[in-house]
Amino acid sequence: MAQVRRRARGAIAPAACVQAIRAAATLPYSQGMRRERELMDTLFNSGQARAMQHCFFSQRSVGRWSTPSGMRWDNSRPRPVHKAAVVGLGTMGRGIVVSFARAGIPVLGVEMDAKQLEVARKTVTATLERDAQRRGVEPPLGLVRFTVGLQDLREVDLVIEAVFEDMALKKRVFRELSSACRPDTLLCSNTSSLDLDQLAATTSRPELVVGMHFFAPAHVMKLLEVIYGPRSSPTAVATAMQLGKRLGKVSVAVGNCPGFVGNRMLKHYVEQANFLLEEGASPEQVDQALEEFGFPMGVFRMSDLSGLDVGWRVRKESGLTGPGVAPGEQVRRRQGRRRQAVAGTCTTGLGGREAKPDPWLRSFLEEYRSRHGLRARTVSQQEVLERCLYALVNEGFRILEDGIAAGPEDIDVIYVLGYGWPPHRGGPMFHAVAVGLPTVLERLEHYHQAHPRHPTAPAQPPPAEAGRQGQPAHPEVEGDHQECPQSALRPPDHYHSSP
Ligand SMILES: CCCCCCCCCCCCC[C@H](O)CC(=O)SCCNC(=O)CCNC(=O)[C@H](O)C(C)(C)COP(=O)(O)OP(=O)(O)OC[C@H]1O[C@@H](n2cnc3c(N)ncnc32)[C@H](O)[C@@H]1OP(=O)(O)O
Ligand SMILES: NC(=O)c1ccc[n+]([C@@H]2O[C@H](COP(=O)([O-])OP(=O)(O)OC[C@H]3O[C@@H](n4cnc5c(N)ncnc54)[C@H](O)[C@@H]3O)[C@@H](O)[C@H]2O)c1
C-alpha cells in the first residue's frame, strides 16, 4: 500500500483499488461487495472524479479547435503527410523522429554535426528497439534515414525544425529550408518561445509555417502545441493538428506570443521558484513541495532534464538574462553542468535518475544571498505551492484575456499532458476554481504586498458564461469552468493579440 500511495502522488483511486482487492480477499463475499461499493461511492463523489472527468472531456473538446480569425476544425482541410523530415537531432529532434517512425511515417533526420548525427542514430535505434520489444512488434527502423545537410528535402511533405533556440540561426535554417524544399512543403518549428511570424517572413510560403511544439521527452509526452501565426493558413493549422493525432498526441491550437501558452505560464512558475531560492528555500525543498502536490518532478528536476541550457537560451532570446535576474544565470555557468547529457546533473545535483542535494549549489546560494544582502528565511511548503502555482494560474487568466488560448480547458490539457500537472487536480484553471477564485485572489494579493516582484492578482469578477471560443464551457461536465476572472493588469506585450 505504501508503494501504491507513493506512486499515486495524491490520487485516491489507486489506494481505493488496493483496499477493494484487500476486502475481496479477506472478507466474506457480501461484506467485500459492500466495502467495494462504499469505496466506489467515495470515489464517484470526490473532487478528484470531477477533475478526471474534466480532463477527459477537455481532451476531447480541444480537437474542435477554432481561432479568433475564424479558422475552425470543421472548415479547414488537412493535407496528407506521406514523408517528413526533422532538422536538428538533439534532445527534442531524436524524440520527434521516434514519434514519426512509431506512427508508421517515413522520416528523414537531418543534422549539421556528424558526431551528433551518430549519437542520434544510436539513441533513436535503441529507443525504437526497446519500444518494439515491449509491444512485441518489429522495430520500424526501415522508416528512418539520417543525413548531414539539407540536400534530400525535396521529397518531404513537412519539415520540423528543432535546432538550438536562437532566432538568428532559426531564421537562417528557415531561409535554407525555403529553397531546399518543394514550394508546397509545410515548414514547422519546435521553438519553445520564438515569434513564428518572423520565421514565416523569411520563407517563400508564410502561409505554410506553423509551430509544432513538442514536450520533453518528445516520444513520451502526449501534448503537441500547434501555434498559428497571423499568416498561417487553415490548411497548415489543420495539417499540424491532424498530424499530432497521428503521432499519438493531443494537439492544442494556440496563438503566437512569447512562450505561447505553456512556457508563457511556466516562466512565472520558474521565476517564483528562483525567487524562493533567493529568499532561503533549497531546490530540493521546492521540488518536494511540487512533487507532493502531484507533479512527477519538481521545477528544478524538470529543468535539469530538459537541459538548463535550453531554459537559458529561451530566457536569453527573451531578454531575461543578465545582472539583477534571479540566480539561474549563474547556475548555468557552472562548468560541465550545462545539460542533462553532461552528468545527469545540475541544480539538484541529479546523479543518474536520483535527485540528490548538490553541495556546490548550496554554497553558491549562500554566497549569492550574502552578496545581494538577502537574509535567508524559512519558507513553508504552503508558500512554495501558492507562489509557484498561483503565479502560473494568474498568467493563464491573462492568456485567456488575450485570446491566445481558446478556453480554460485548452490550458488544462496543455498542463496535464505537457508538464505533468496531476490529472486528479484537473489542470491549473480547474484547480483555481476548485480552490476558490476569491482565495486565489487573496493569496496573490498577499504575496504581491509581501514580495513586490510577485505578479499582481487578477481582480475582476469572472463572467459567468466563459468557455471556449464560441462554445459554452464544455457541456458534458456540469458546473465546470463557468468562471474565469479577467486580469486587472495590462497584459504584457505579445506578438499579435488577434492573429
Ligand atoms: C517569454 C517566454 C519565456 C519562457 C521562459 C520559460 C523558462 C523555462 C524554459 C524551459 C525549457 C523549455 C521547455 C520546453 O519548451 C517545454 C517542455 O518540454 S517542459 C518539460 C515538460 N516535461 C515534463 O515536465 C516531463 C516530466 N516528466 C514526466 O512526466 C515523467 O518523467 C515521464 C516523462 C512521464 C516518464 O515517467 P516514468 O515513466 O516514471 O519514467 P522516468 O521519470 O524515470 O523518466 C523516463 C525517461 O524520460 C526522461 N525524462 C523525463 N522527463 C524529462 C524531461 N523533462 N526532459 C528530457 N527527458 C526527460 C528521463 O530522464 C528518463 O530517461 P531514461 O533514463 O529512460 O533515458
Ligand atoms: N529540451 C527541451 O526540453 C525542449 C522542449 C521543447 C522544445 N524545445 C525546443 O526545441 C529546439 C531544440 O532543443 P533541444 O533541447 O533539442 O536542443 P539540443 O541542443 O539538444 O539540439 C539541437 C540540435 O540542433 C543541431 N543543429 C544546430 N544547428 C543546426 C543546423 N543548422 N542544421 C541541423 N542541425 C542543427 C545541433 O547540432 C543539435 O544537435 C529548441 O528550439 C528548443 O527551445 C526544447
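This is a dialogue on how to read the annotated spans, ligand shell, pockets, cavities and backbone features of a predicted model.

Trainee: What should I know about the model before reading it?

Mentor: The model is predicted: local features need pLDDT of at least 70, side-chain atom pairs count only at pLDDT 80 or more, and totals for chains, interfaces and linings use all residues. Residues are numbered from 1 along each chain as its sequence is written, chains are lettered from A and ligands numbered from 1 in the order in which they are written, and side-chain values use heavy atoms, with hydrogens and water left out.

Trainee: Which residues does UniProt list for the NAD binding domain?

Mentor: UniProt positions are given in the numbering used here, with feature names shortened, and annotations may be inferred rather than shown by experiment. In an unreviewed entry, UniProt lists residues 83-256 as "domain: 3-hydroxyacyl-CoA dehydrogenase NAD binding". Helices (H or I, at least four residues) and strands (E, at least two) are DSSP runs numbered from the N terminus. On that basis residues 83-256 are 39% helix and 22% strand, and the end C-alpha atoms of the span lie 26 Å apart.

Trainee: Which residues are listed for the C-terminal domain?

Mentor: For "domain: 3-hydroxyacyl-CoA dehydrogenase C-terminal", UniProt lists residues 259-317 and 384-467, again in an unreviewed entry. The span 259-317 is 80% helix and 0% strand, with its end C-alpha atoms 11 Å apart.

Trainee: How many residues surround ligand 2, and which are closest?

Mentor: A residue is near a molecule if one of its heavy atoms lies within 4 Å of it. Ligand 2 is surrounded by 26 residues, the closest being Glu111, Gln116, Glu165, Lys170 and Ser192. For the classes, Ala, Val, Leu, Ile, Met, Phe, Trp, Tyr, Cys and Pro count as nonpolar, Asp, Glu, Lys and Arg as charged, and the others, Gly among them, as polar. The shell around ligand 2 has 12 nonpolar, nine polar and five charged residues.

Trainee: Where do oxygen atoms of ligand 2 meet polar atoms of glutamate 165 and lysine 170?

Mentor: A polar contact is a pair of N or O atoms within 3.5 Å; within protein, one must be able to donate a hydrogen and the other to accept it, and residues adjacent in sequence count only if both atoms are side-chain atoms. An oxygen atom of ligand 2 is 2.5 Å from a side-chain N or O atom of glutamate 165. For lysine 170, the distance from a side-chain N or O atom to an oxygen atom of ligand 2 is 2.7 Å. Helix H5 (91-102), helix H7 (167-180) and strand S6 (209-214) each give two or more residues to the shell around ligand 2, and H7 gives the most, with three.

Trainee: How is empty space found?

Mentor: Rolling a probe the size of a water molecule over the atoms shows where empty space is left. On a 1 Å grid over the protein atoms alone, a cavity is a set of points where a 1.4 Å probe fits but cannot get out; a pocket is an open set with protein on both sides within 12 Å along at least five of seven lines, and lining residues have an atom within 4 Å of a point. Grid points are joined across faces, edges and corners, and a volume is the space filled by probe spheres set on the points. The second largest pocket holds about 340 Å³. Its lining has 15 residues, with Gly63, Met241, Gln242, Lys245 and Ser251 nearest the centre. H9 gives the most to this lining, with four residues.

Trainee: How many cavities are there, and what lines the largest?

Mentor: The search of the whole structure finds two cavities of 30 Å³ or more. The largest cavity has a volume of about 50 Å³, and the residues lining it include Leu266, Phe295 and Tyr419. Its lining divides into eight nonpolar, one polar and no charged residues. The second largest cavity has about 40 Å³ of space; H4 supplies the largest share of its lining, four residues.

Trainee: Which backbone features stand out from the general pattern?

Mentor: Most residues other than glycine have a negative phi, and most peptide bonds are trans. Here a cis peptide bond joins alanine 216 and proline 217, with omega about -10°. Proline 217 is in the loop between S6 and strand S7 (223-228). Arginine 9, not a glycine, has a positive phi of about 45°, and lies in the loop between helix H1 (2-8) and helix H2 (13-26).
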